[in-house]
Every structure is written in structure tokens, then in C-alpha cells.
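Student: I should like a close look at a single part of this model, with the cut-offs stated for each term. Which part would you choose, and what surrounds it?

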Amino acid sequence: MSDANPHPLGPENRHYWLAVTMSRKTGADMQRALEEGVIDHADWAALVHRCRGCGWSDGCNTWFAAQGDAAAEVPTTCPNAPVFARILAALAPA
């Protein structure tokens with residue numbers, strides 16, 4: 001997502017946990033993706049960095065709370081939606 005009005009990056013720790021929670025809510029198994037080579041550590045760091053620059057990140061907690069127990073679809077406002085989609089596709093049962 002391109003933000004025409006850039007803003008300061010958010011705190012790394014907060015956005016790390018937002019990314020972890022988004023992966024859990026969507027069923028994208030980040031650890032397995034790392035182990036199976038779908039992503040590497042640089043991809044994971046880039047994912048957190050993109051999250052830090054996202055203007056919608058304040059909406060994440062509201063979105064998280066609105067999700068049930070089943071895997072949810074990544075919101076299109078998430079700048080990491082393509083990464084989560086790639087992980088989900090790569091790790092989907094055959």
C-alpha cells in the first residue's frame with residue numbers, strides 16, 4: 001500500500017507483534033514458512049518494516065477483535081497481504 005502522506009515508523013516491538021497476530025489470525029504459519037524456505041529472515045524483517053510504515057496499523061486491533069476462531073482473510077489494507085497470501089498458497093495442503 002502506498003501512502004501519499006508518509007508518517008514516522010511505528011515501534012518495532014509493537015509492529016512485530018501486530019505481524020505475528022496477523023499471521024495467526026490468517027493461518028499463515030510464519031515459522032513453517034521460514035523452515036520450508038517460503039520466506040527467509042530478510043523477508044520477515046521486511047514484513048515488520050512494512051507494518052511499521054502502515055497508516056492503517058491502528059485499525060489492526062479492531063480488526064483482530066472482530067475475527068472469529070477460523071482463519072480470516074488478510075485485509076486488503078494490509079501492506080503485507082501479498083506476503084501472507086504467498087505463504088498461505090505455498091503451505092496449503094496439496
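Tutor: E12 is a suitable entry point: its relative accessibility is 53%, so it counts as exposed (buried is under 20% relative accessible area, exposed over 50%, and partly exposed in between, with a 1.4 Å probe and protein chains only). The model is a predicted one, in which local features need pLDDT of at least 70 and side-chain atom pairs count only at pLDDT 80 or more, while totals for chains, interfaces and linings use all residues. Residues are numbered from 1 along each chain as its sequence is written, and side-chain values use heavy atoms, with hydrogens and water left out.

The side chain of E12 meets that of R52 in a salt bridge, at 3.6 Å from N to O (a side-chain nitrogen of Lys or Arg within 4 Å of a carboxyl oxygen of Asp or Glu). Because E12 belongs to helix 1 and R52 to helix 3 (residues 41–52), this pair ties together parts that are 40 residues apart in sequence; helices here are DSSP runs of H or I, at least four residues in length, numbered from the N terminus. Unlike its exposed partner E12, R52 is buried, at 17% relative accessible area. N13, also in helix 1 (residues 12–26), is exposed at 55%, and its C-alpha atom is separated by 9.5 Å from that of R52, which is 39 residues away along the chain.

The search of the whole structure gives 3 salt bridges. Another of them joins D58 and R14, with the closest N and O atoms 3.6 Å apart. Here D58 lies in the loop between helix 3 and helix 4 (60–66) and R14 in helix 1, so the pair ties together parts 44 residues apart in sequence. D58 is exposed at 62%, whereas R14 is partly exposed at 31%.

R52 leads on to helix 3, the part I would choose. Its buried residues are W44, L47, V48, C51 and R52. Viewed down the helix axis, they fall within an arc of 140°, so they line one face of helix 3 (the arc is taken over the directions from the axis to the C-beta atoms). These buried residues pack against helix 1, helix 2 (30–35) and helix 5 (81–91), where contact means heavy atoms within 4.5 Å. At the N-terminal end, D40 caps helix 3, a side-chain oxygen lying 3.0 Å from the backbone nitrogen of A42.

N80, in the loop between helix 4 and helix 5, is buried at 2%. Apart from its neighbours within four places in sequence, N80 is in contact with L47, R50 and C51. A polar atom of its side chain is 2.9 Å from the backbone oxygen of L47 (a polar contact is a pair of N or O atoms within 3.5 Å; within protein, one must be able to donate a hydrogen and the other to accept it, and residues adjacent in sequence count only if both atoms are side-chain atoms).

C51 is buried at 9%. The closest cysteine sulfur to that of C51 belongs to C60 and is 5.8 Å away, too far for a bond; C60 is accordingly in no disulfide, a disulfide being a pair of cysteine sulfur atoms within 2.5 Å. C60 is also buried, at 6%, and the count of disulfides comes to 0.

Methods
Helix = DSSP H or I, 4+ residues; strand = E, 2+ residues; numbered from the N terminus.
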